[in-house]
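My notebook for today: I opened a model and looked up a few helices. Here is what I was looking at.

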Amino acid sequence: MQASISSPASASIDLRHGFSERELPDAIDFYETAIAADESVVSNYWYLGVAYLLAEREDDAQAAWFTPLATASESEIYCLTENLLEILEQEADYQAETQNLERAWLLRQHIWTLAPDRVQNVLHALCLNRKLDTLTPELLIEWQVNDLLQTNAVGSIDEKLLERTIGTLIDIRTEASIEAIESCVRLTSTEQGVLIDKLVCTLWEILPQKDVTHFVVKIAEICNQIQPERLSALQLLSYMYSSQALYHKATVAAESYYRVAPSLIDRFFGSYQMQRAHFAAGNWQGAEARVNLHRQLLTEIIQTAPQDLASGHCKV
């Protein structure tokens, strides 16, 4: 069979931008008829397989997809598979956009079967699992999520997808999810600082939950390693270290916050953090100087009346 991935010129139906429930019978009939008329148009097999899959005829779907691949030469298989994957991804996006999440996940699962190293598909599938309440720690191992992330270069993955993935991984508080979150943050380029701030604020939100201390500290430490002068991470670390009686680390984090604070408001908040960390440690030596510094900063704020009172810390 001479393969062609173009659409038939005589097509009288356009179902290539997403299959709805009511269109499935017509789509199946259309593509079966088109294939009977001309077996060389490979894309018809791809769309027929999608229609079969969404109609819960999974075996028929796989048979439709396999038909062109079975007769293709070795040099053609890669191109044909990529074309099929592109169509499956487009349909998965459509099904997710129309809130048919189970269908979207089913398509993502078949993409993973064909191309398990397609990292963006894996990340989309993870996010769908979260929405479907079927997310488990085992999936990170089965899909080799962190290994896949580490094979990619900075900026190679859509940053909004990375952000959604991090939000998903926070629900899995294991060492594997910690590693994957670190990889996601490191792969972010243009919005890395903003992403870290959002991540840290999410960590504050989950603090009241049980058994999250280790997870929160590890993620905050990772954020601080990636961007050592990020105020949000330094604030959280100072607080967490104090709560764990790691007083030296707490004071170091608070003093680092004050040292790198870019504005008067941030320095004032950093001064407060230093006092809190030192007092929690029972370190009264130098207390008068720290209190005087805090008063001085407050006086400067009153005198200058800055218009922008926003700070680099999360509101907790």
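I started with H5 and listed its buried residues (under 20% relative accessible area, 1.4 Å probe, protein chains only): Leu-101, Arg-103, Ala-104, Leu-107, Arg-108, His-110, Ile-111 and Trp-112. This is a predicted model, where local features need pLDDT of at least 70, side-chain atom pairs count only at pLDDT 80 or more, and totals for chains, interfaces and linings use all residues. Residues are numbered from 1 along each chain as its sequence is written, and side-chain values use heavy atoms, with hydrogens and water left out.

A helix here is a DSSP run (H or I, at least four residues), numbered from the N terminus. What do the buried residues of H5 pack against? I found H1, H2, H3 (58-71), H4 (74-97), H6 and H7, with contact meaning heavy atoms within 4.5 Å.

Next I checked H6 (residues 119-131): its 13 residues should span 18 Å at 1.5 Å a residue, and its end C-alpha atoms sit 19 Å apart, which agrees. The expected span is 1.5 Å times one less than the number of residues. Its buried residues include Val-119, Leu-123 and Cys-127. Among the helices covering the buried residues of H6 are H8 (145-150) and H9 (159-169). After H6 comes Asp-133, with a positive phi near 60°.

Last, I looked at H1 (residues 24-37) and H2 (residues 42-54), whose axes come within 9 Å and cross at roughly 150°. Axes are lines fitted to C-alpha atoms over the stretch in contact, with angles from 0 to 180 degrees between N-to-C directions. H1 and H2 are therefore roughly antiparallel, the word for angles over 145 degrees.

Technical notes: Helix = DSSP H or I, 4+ residues; strand = E, 2+ residues; numbered from the N terminus. Buried < 20%, exposed > 50% of the residue type's maximum accessible area, 1.4 Å probe, protein only. Parallel < 35°, antiparallel > 145°, perpendicular 65-115°, else oblique.
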